[in-house]
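Student: I would like to learn how to read a protein model step by step. Could we take one feature at a time?

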Amino acid sequence: MNIPSLTRCSNLLVAPLYSTAPTTTTTVRCSRAENIAIEGCNLNFSFTTNQANAVPVPILKDCSLRIPSGQFWMLLGPNGCGKSTLLKILAGLLNPTSGTVFVNKPKSFVFQNPDHQVVMPTVDSDVAFGLGKFNLTNDEVISRVSNALNAVGLSDYMKRSVQTLSGGQKQRVAIAGALAEACKVLLLDELTTFLDETDQVAVLKAVRNSLDTSTEVTALWVTHRLEELEYADGAIYMEDGKVVMHGDAASIRSFIEDKQSIYIKQINS
Ligand SMILES: Nc1ncnc2c1ncn2[C@@H]1O[C@H](COP(=O)(O)OP(=O)(O)OP(=O)(O)O)[C@@H](O)[C@H]1O
Ligand SMILES: [Mg+2]
């Protein structure tokens with residue numbers, strides 16, 4: 001299968017974007033090729049509450065995805081469809097109930113809230129924070145910090161107190177920290193939710209630039225904002241715990257826009 005090509009099932013266009021109507025999952029063939037950085041095969045995940053006689057609640061249903069190395073992909077879908085759960089499984093923060101996961105290492109998960117990202121008082125010390133384990137010389141640390149801050153457009157902020165940064169700048173410092181550690185995969189969960197438009201675009205450009213300046217970094221970005229697809233190479237659309245579509249960003253965008261307009265027509269008729 002040609003991964004960037006669009007994959008979908010034929011009955012999807014009739015379902016409104018926020019419908020809970022069942023849809024058939026897209027088919028992604030699971031046979032890992034060398035250039036694949038992220039792969040999930042037939043992933044299922046269920047929660048079971050602690051209550052007596054509780055039955056497992058299925059959250060992810062047979063989700064498969066493949067993301068080529070060096071590409072910037074986005075994961076979209078209505079609230080509660082399972083995007084964060086899938087990302088946490090890829091990050092290794094949750095174990096799937098069944099199915100297999102492959103993600104290139106090292107990998108880094110960046111959280112939604114910018115205030116949860118930064119731990120050190122200044123920008124350079126925060127980016128250098130994770131480098132202690134690598135046994136690097138001082139010059140190597142300085143070089144890695146400087147290159148990473150350059151990639152996210154924060155070269156002039158090295159000595160700034162992190163408390164004086166905007167939310168988007170804190171997100172970019174967190175991404176620089178992952179780049180300094182030579183992370184090959186960035187898993188980014190709705191980073192732009194709390195950001196104003198300027199910060200939102202700056203974080204997106206930082207991720208795009210990080211990928212464009214390295215052939216090694218791959219990113220998966222969860223978002224609700226369709227306009228962000230302009231920066232993506234590929235995208236995955238989920239509904240009700242299933243991967244519904246998987247393909248190039250422009251096609252996924254027009255698929256979602258079609259669904260939205262059909263839904264709007266239905267509620268106006
Ligand atoms: N710890 C948990 N216990 C029980 N159910 C959970 C838990 N975490 C998530 N869920 C449920 O799993 C489903 C998927 O949640 P998830 O957070 O992955 O969705 P999402 O697509 O990221 O939503 P959003 O767009 O709102 O962030 C939801 O129905 C949610 O209520
Ligand atoms: Mg979420």
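Student: Let us begin with a single residue: is alanine 174 buried or exposed?

Tutor: Please keep in mind that this is a predicted model. A residue counts as buried if 20 or more other C-beta atoms lie within 10 Å of its own. Alanine 174 has 25 other C-beta atoms within 10 Å, and therefore it is buried. This residue lies in helix α4, which covers residues 167-180.

Student: Which residues does alanine 174 touch, leaving aside those up to four places away in sequence?

Tutor: Alanine 174 touches Val110, Gln117 and Val118. You can also compare sequence with space: alanine 174 and valine 123 are 51 residues apart in sequence, while their C-alpha atoms are 9.5 Å apart. For the protein chain as a whole, residues 24 or more positions apart account for 73% of the contacts with a separation of 6 or more.

Student: What does the whole chain come to in helices and strands?

Tutor: The protein chain has six helices and nine strands, and buried residues make up 43% of its 269 residues.

Student: How should I read a helix, and which residues of α3 are buried?

Tutor: The general idea is that an α-helix has 3.6 residues a turn, so residues three or four places apart point the same way. In α3, the buried residues are Arg144, Val145, Ala148, Leu149 and Ala151. They cover an arc of only 155 degrees around the axis, which puts them on the same side of α3. On the other side of α3, Asn138 and Asp139 are exposed. The buried residues of α3 pack against α2 (123-128), α4 and α5 (197-212), and just after the helix, glycine 153 takes a positive phi of about 75 degrees.

Student: Now for α6: what span should its 20 residues have, and how far apart are its end C-alpha atoms?

Tutor: At 1.5 Å a residue, helix α6 (residues 249-268) should span 28 Å, and its end C-alpha atoms are 28 Å apart, which agrees. The buried residues of α6 fall within an arc of 160 degrees when seen down its axis, so they line one face of the helix. Ala249, Ile252, Arg253, Phe255 and Lys259 are buried in α6, whereas the face turned away from that buried side carries the exposed residues Glu257, Ser261, Ile264, Lys265 and Asn268.

Student: What covers the buried residues of α6?

Tutor: The cover includes the strands β3 (72-76), β8 (234-239) and β9 (242-248).

Student: How do I read a strand such as β8, and which of its residues point each way?

Tutor: In a regular strand the side chains alternate between the two faces of the sheet. From β8, Gly234, Ile236 and Met238 point one way, and Ala235, Tyr237 and Glu239 point the other way. Six of the six residues of β8 are buried, so this strand is largely enclosed by the rest of the structure.

Student: In which sense does β8 pair with β3, and in which sense with β9?

Tutor: β3 and β8 pair in the parallel sense over four bridges, and methionine 74 has alanine 235 of β8 as its bridge partner. β8 and β9 run antiparallel, joined by six bridges, and glutamate 239 has lysine 242 of β9 as its bridge partner. These two strands form a hairpin with two residues between them, and aspartate 240 in the turn has a positive phi of about 50 degrees.

Key
Residues numbered from 1 in each chain as written. Chains lettered and ligands numbered in written order. Predicted model: local features only at pLDDT ≥ 70, side-chain atom pairs only at ≥ 80, totals over all residues. Expected span 1.5 Å × (residues − 1). Buried ≥ 20, exposed ≤ 12 C-beta atoms within 10 Å, placed from the backbone. Arc of directions from axis to C-beta. Contact = placed C-beta atoms within 7 Å. Pairing = 2+ DSSP bridges.
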